[in-house]
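Here are a few short exercises to work through with the model open in your viewer. Try each one yourself before reading the solution.

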Amino acid sequence: MAALTVGTHAPDFELRAMDGKRFVLRDEVAQGPVVLAFFKVSCPTCQYAFPFLQRLEHAYGHKGVRIIGVSQNDPRDTVAFTKEFGVTFPVLLDDTHKYPASNAYGLTNVPTIFWIAQDGQIELSSVGWVKADFAELNRKMAESGGATPAVIFQPGEDVRDFRAG
């Protein structure tokens, strides 16, 4: 099964965050859109993408939408990843034996990123690194927060158009 596509209703799930707090997707989307970013710490494309997600977090904070990482690793490795890549947004821990959230979303590769609208519909589904999808994510985050889109890709910065997950 491929990753869930745009127009699909996002499956609800409950996971624990790195800080031990309980996260229930339906409760979060009731407050506004959520960006779910599934990853594995050993994935080079995740390592490439997460600093750009962090730039979005820095640009918009929690204005209108929240970025939530979903790790497919144990807490120790996940902490090391978040420190190495400067991740400040919340990170959840998918069960490393059954992967309930990852499986519910049909993941075959990481990173996989979903924009979940307040009505529970998936409005963006992106597998791997797709520069155009990150530009769309930036636009949607700005619109949601009533802001002008931030400059996420710096002038002169070599940013790939695509990188497989």
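**Exercise 1.** Which residues does Thr45 touch, not counting residues up to four places away in sequence?

*Before you start.* This is a predicted model, where local features need pLDDT of at least 70, side-chain atom pairs count only at pLDDT 80 or more, and totals for chains, interfaces and linings use all residues. Residues are numbered from 1 along each chain as its sequence is written, and side-chain values use heavy atoms, with hydrogens and water left out.

*Solution.* Step 1: find Thr45 in helix α2, residues 44-60 (helices are DSSP runs of H or I with at least four residues, strands are runs of E with at least two, both numbered from the N terminus). Step 2: search for contacts, meaning heavy atoms within 4.5 Å. Outside the excluded positions, Thr45 touches Pro111, Gly128, Trp129, Arg163, Ala164 and Gly165.

**Exercise 2.** Classify Thr45, Cys43, Cys46 and Tyr99 by relative accessible area.

*Solution.* Step 1: set the classes with a 1.4 Å probe and protein chains only: buried is under 20%, exposed is over 50%, and partly exposed lies in between. Step 2: Thr45 is buried because its value is 5%. Cys43, at 10%, is buried, and so is Cys46, at 0%. Tyr99 has 22%, so this residue is partly exposed.

**Exercise 3.** Inspect the backbone at Pro111 and Tyr99.

*Solution.* Step 1: Pro111 sits in the loop between α4 (100-104) and β6 (112-116), and a cis peptide bond with omega about 0° joins Val110 to Pro111. Step 2: Tyr99 lies in the loop between β5 (91-93) and α4; this non-glycine residue has a positive phi, near 50°.
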